[in-house]
Amino acid sequence: MLNIVLFGPPGAGKGTQAAKLIDKYNLVHLSTGDIFRANIKGETELGKLAKSYIDKGELVPDEVTIRMLESEVNKTPQAKGYIFDGFPRTTPQAKALDEFLNSKGTTISVMLALDVEEKELIRRLLGRGKDSGRADDQDENIIANRIKVYHDQTAIVADYYAEQGKYQEIKGVGGIEAVFDHLCEAIEQHS
Ligand code: AMP
């Protein structure tokens, strides 16, 4: 199986690149942000809970997020592999994912981390907010908090994969196709 963690701060281009990668490698795309937003739209209990965190730019608690992610993986037993987009965002999430995948006889192949400087992230998020209607992309204070949360709680997850020799940084600027080519090169080295 090819299991990829697509990593990087909000606005780094994870969703855009994941959409291209699943086509090329025939993988299942699991974006925890997308799953939360679908639950918010469907007005589920999980959606109501997630909304209270997402609206502030805070992380949804690990326990809830991990349970949700595992149940999504279990829905696609025939998958050739996964792109985890926006997950794991904390070290406990990364550990839980490892244990879960190990119990299925598989593992993370590589973490690909998109590197984009902060000014560019803010520019992209505000641009996306105009089209997507995502409230958390329209408010500069929420964006600032999401980037802070990334630095405080999420960036460290890179170390977890680096210790396993699975971390690879990719320049996240220079055009969608150029970034995609770099991601594919890295995948080919790790698969
Ligand atoms: P995203 O679409 O990845 O930018 O995620 C949008 C929001 O969903 C984040 O700001 C968090 O509030 C929440 N979220 C998404 N993924 C996670 C995760 N792995 N852990 C906790 N919260 C998450």
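Visitor: Which residues does Glu72 touch, leaving aside those up to four places away in sequence?

Guide: In this predicted model, Glu72 touches Leu30 and Ile35, once residues up to four places away in sequence are left out. Glu72 itself is found in helix α4, which covers residues 62-74.

Visitor: Is Glu72 buried or exposed, and how does one decide?

Guide: The decision rests on relative accessible area, where buried means under 20% and exposed means over 50%. Glu72 has a relative accessibility of 17%, and therefore counts as buried. A separation in sequence can also be set beside one in space: Glu72 and Ala155 are 83 residues apart in sequence, and their C-alpha atoms are 24 Å apart.

Visitor: How should I read Gln17 in the same way, and what does Gln17 touch?

Guide: Gln17 is found in helix α1, residues 14-25, and with a relative accessible area of 3% this residue is buried. Not counting residues up to four places away in sequence, Gln17 touches Leu6, Leu114, Ile176, Val179, Phe180 and Leu183.

Visitor: Which other residues of α1 are buried, and where do they lie around the helix?

Guide: The buried residues of α1 are Lys14, Gln17, Ala18, Leu21 and Tyr25. Seen down the axis of α1, these buried residues fall within an arc of 105°, so they line one face of the helix. They pack against β1, β2 (28-31), β3 (81-85), β4 and α9 (176-190).

Visitor: What span should α1 have, and what does the model show?

Guide: The expectation uses 1.5 Å a residue, which for the twelve residues of α1 gives a span of 16 Å; the end C-alpha atoms of α1 are 16 Å apart, in agreement with that expectation.

Visitor: What does the comparison give for α9, and which of its residues are buried?

Guide: Helix α9 has 15 residues and reaches 21 Å from its first C-alpha to its last, close to the 21 Å expected at 1.5 Å a residue. Its buried residues are Val179, Phe180, Leu183, Cys184, Ala186 and Ile187. These residues cover an arc of only 165° around the axis, which puts them on the same side of α9. What covers them includes β1, α1, β4 and β5.

Visitor: How does strand β4 fit among its neighbours, and why can one call it largely enclosed?

Guide: Five of the six residues of β4 (residues 110-115) are buried, and therefore this strand is largely enclosed by the rest of the structure. As for its pairing, strand β1 (residues 2-7) and β4 pair in the parallel sense over four bridges, with Phe7 opposite Ala113 in β4. Strand β5 (residues 167-171) also pairs with β4 in the parallel sense, over five bridges, and there Leu114 stands opposite Ile170.

Visitor: Is Lys171 of strand β5 buried or exposed?

Guide: Lys171, which has its place in β5, is exposed, with a relative accessible area of 56%. Not counting residues up to four places away in sequence, Lys171 touches Asp115 and Val179. Lys171 and Val116 are 55 residues apart in sequence, while their C-alpha atoms are 6.9 Å apart in space.

Visitor: What is the volume of the largest pocket, and which residues are closest to its centre?

Guide: The largest pocket has a volume of about 940 Å³. Of the 43 residues that line this pocket, the closest to its centre are Lys14, Arg89, Arg128, Arg134 and Arg146. The elements that give two or more residues to the lining are α1, β2, α2 (32-41), α6 (118-132), α7 (140-154) and α9. The largest share, five residues, comes from α2.

Visitor: Which backbone angles deserve a second look when I read a model like this one?

Guide: Most residues other than glycine have a negative phi, and most peptide bonds are trans, so exceptions to either pattern can be picked out. Asn26, a residue other than glycine, has a positive phi near 60°, and lies in the loop between α1 and β2. Glu43 is not a glycine either, yet has a positive phi of about 55°; its place is in the loop between α2 and α3 (45-54), and at 64% relative accessibility Glu43 counts as exposed.

Visitor: Where is the cis peptide bond?

Guide: The peptide bond from Phe87 to Pro88 is cis, with omega near -5°, and Pro88 has its place in the loop between β3 and α5 (91-103).

Note on methods:
Residues are numbered from 1 along each chain as its sequence is written. This is a predicted model: local features need pLDDT of at least 70, side-chain atom pairs count only at pLDDT 80 or more; totals for chains, interfaces and linings use all residues. Side-chain values use heavy atoms; hydrogens and water are left out. Buried means under 20% relative accessible area, exposed over 50%, partly exposed in between (1.4 Å probe, protein chains only). Contact means heavy atoms within 4.5 Å. Two strands pair if DSSP finds at least two bridges between them. The expected span of a helix is 1.5 Å times one less than its number of residues. The arc is that of the directions from the helix axis to the C-beta atoms. On a 1 Å grid over the protein atoms alone, a cavity is a set of points where a 1.4 Å probe fits but cannot get out, and a pocket is an open set with protein on both sides within 12 Å along at least five of seven lines; lining residues have an atom within 4 Å of a point. Grid points are joined across faces, edges and corners, and a volume is the space filled by probe spheres set on the points.
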